[in-house]
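Work through the following exercises with the sequence and the coordinates open side by side. Each one sets a task and then solves it step by step.

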Amino acid sequence: MIAHRALSARYIYSLHPESTWVVAQGQLVVCGEVLAKGVRFEHASAAGVITSISGNTLILETTPDEQSVQMQPLNGGNSAAILRRIQEAGIVGLGGGGFPTHLKLLAAARKRAQTLVVNAVECEPGITCDAALLQENQATVHNGIDAVRTLLELKSIHIAASDKTDFEYHAGSTTVIRQPKPTDGAERYLVERLTGETVPVDALPVDLGVVVLNVATLHAVGQALQGVPLTTRVVTVFGENQWVRIGTPLTAFSNAPLVCVGGELSGADISTTGATDKRTNSIQTARGFLNLPCIRCGACDDTCPEQLPVATLVSLAAGQAQSTVRDTASRCIGCGLCNPVCPSSINVAGLVRTLRDSQRAEALRTNNIVRAEQRYLRHTSRMAAEELAQAERRANRLARLNPESIPISSSHDG
């Protein structure tokens, strides 16, 4: 039985750069009301008043009157309607990726993907939220799969489930992976085990005609079709599965200054001044790394499934290495296998993750600069072409008005 987390006194939401707040400070909202629109929609997890909007952070103080609002159920509908509903319900990848689901499905539709992989692996110890969700809400997950099957006109559906998960779907599905490894949750490894096809490191499963969706994401899709936006999710909280409202402060779970959000291997120790978001699937006790000096033993290199130079990446993150391997961090799948083998108790995965994120941010900044330069060049080219066209029009007008260019007709006497 999944427990329901008690109502918090306040909720904290973060705004994505491609979205905009549509509420104002002091405004009363009800549970399910839209707070932000754009590429990613955000909804209020409880009824209350907006007490603060500061940049990309919004704080909602709850009120005793727990009112809610829902969208109209979507019965049937074409592909565009289904995609729009998934977007407006605020659904993102709930397995940890957090990428907008409607964009993932749109890319799959454009590439004519015909294989769906349902990811219910939960390959890390201590996380059982997906297994609990399937035990109580499997019918809603089936509705989500049905919607995706209709949207993409799928030919095959594969279900990847762990040995602790009882999950079936009778529509040409194949249930596999009953004793998962820590890397089986990664899309590329999952697709390779299920289909036998290798996804290149610079490609995505959709490039091979495969779309991978977490089981909790499909549950959210099933709920969205019934008019319920994404405001709650199941989280494994210190070993117990709970329905947790998006935006719940981490102080509601622990008085400690730090908690581990995510799995024992791939999770991150973060400050309890933050809040849960849609990617939060587990909250555990912080691991408390000693962070002794690296002895360059190479154990992290040996255990990396991507065969990355992990020790060098750690040195690079600390500013102690050259940038010859700078782009390599982008290949990290975040499995966290490098942490338990480190004799110096260094948060290796955290350092590589920070390096990877900083490189992605730098790549995005560089890409934005390049696009801005391209827009400027296109603008100046258009302006130059328009100026040339105007000069030609002026010359033509002057030529028509010049008397010397007007022929003189001969007069005839009567």
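**Exercise 1. Describe the largest cavity of this model and its lining.**

Solution. The largest cavity holds about 140 Å³ of space, and the model in which it is found is a predicted one. In the next step we turn to the walls, where 15 residues line the largest cavity, and those nearest its centre are Cys 304, Val 310, Cys 332, Cys 335 and Cys 338. Helix 7 and helix 8 are the elements that give two or more residues to this lining. Sorted by class, the lining of the largest cavity comprises 12 nonpolar, 2 polar and 1 charged residues. As for the wider setting, the structure holds 4 cavities of 30 Å³ or more.

**Exercise 2. Do the same for the second largest cavity, and then for the second largest pocket.**

Solution. The second largest cavity has a volume of about 110 Å³. Its lining is made up of 14 residues, and nearest the centre lie Cys 294, Cys 297, Cys 300, Cys 342 and Val 348. Helix 6 (299–303) and helix 7 each contribute at least two residues to the lining of the second largest cavity, which by class has 11 nonpolar, 2 polar and 1 charged residues.

For the second largest pocket, the volume is about 340 Å³. Cys 31, Val 228, Thr 231, Thr 232 and Arg 245 are the closest to its centre among the 17 residues that line this pocket. The class count for the lining of the second largest pocket is 6 nonpolar, 9 polar and 2 charged residues.

**Exercise 3. Is Ser 344 buried or exposed, and which residues is Ser 344 in contact with once its neighbours within four places in sequence are left aside?**

Solution. First locate the residue: Ser 344 lies in the loop between helix 7 (310–317) and helix 8 (348–401). Its relative accessible area is 4%, and because buried means under 20%, Ser 344 counts as buried. Next, with the sequence neighbours within four places set aside, the contacts of Ser 344 are Leu 290, Asn 291, Leu 292, Pro 293, Cys 294 and Ile 295. One of these, Pro 293, offers its backbone oxygen to the side chain of Ser 344 at 2.8 Å.

**Exercise 4. Which residues of helix 2 are buried, and what covers them?**

Solution. Within helix 2 (residues 101–110), the buried residues are Thr 101, His 102, Leu 105 and Ala 108. These residues lie on the same side of helix 2, because the arc they cover around the axis is only 120°. The cover over the buried residues of helix 2 includes helix 1 (79–88), helix 3 (129–152), strand 12 (210–214) and helix 5 (215–225). Just after helix 2, finally, Arg 112 adopts a positive phi of about 55°.

**Exercise 5. Classify Asp 163 and Glu 192 by accessibility, and place each in the structure.**

Solution. Asp 163 belongs to the loop between strand 10 (156–161) and strand 11 (173–176), and its relative accessibility of 56% makes it exposed, since the cut-off for exposed is over 50%. From Asp 163 to Ala 275 there are 112 residues in sequence and 31 Å in space, C-alpha to C-alpha.

Glu 192 is part of helix 4 (residues 187–195), and at 36% relative accessibility Glu 192 is partly exposed. Setting aside neighbours within four places in sequence, Glu 192 is in contact with Glu 197 and Thr 198. Between Glu 192 and Pro 205 the separation is 13 residues in sequence and 9.4 Å in space, C-alpha to C-alpha.

Methods:
Residues are numbered from 1 along each chain as its sequence is written. This is a predicted model: local features need pLDDT of at least 70, side-chain atom pairs count only at pLDDT 80 or more; totals for chains, interfaces and linings use all residues. Side-chain values use heavy atoms; hydrogens and water are left out. Helices (H or I, at least four residues) and strands (E, at least two) are DSSP runs, numbered from the N terminus. Buried means under 20% relative accessible area, exposed over 50%, partly exposed in between (1.4 Å probe, protein chains only). A polar contact is a pair of N or O atoms within 3.5 Å; within protein, one must be able to donate a hydrogen and the other to accept it, and residues adjacent in sequence count only if both atoms are side-chain atoms. Contact means heavy atoms within 4.5 Å. On a 1 Å grid over the protein atoms alone, a cavity is a set of points where a 1.4 Å probe fits but cannot get out, and a pocket is an open set with protein on both sides within 12 Å along at least five of seven lines; lining residues have an atom within 4 Å of a point. Grid points are joined across faces, edges and corners, and a volume is the space filled by probe spheres set on the points. Ala, Val, Leu, Ile, Met, Phe, Trp, Tyr, Cys and Pro count as nonpolar, Asp, Glu, Lys and Arg as charged, and the others, Gly among them, as polar. The arc is that of the directions from the helix axis to the C-beta atoms.
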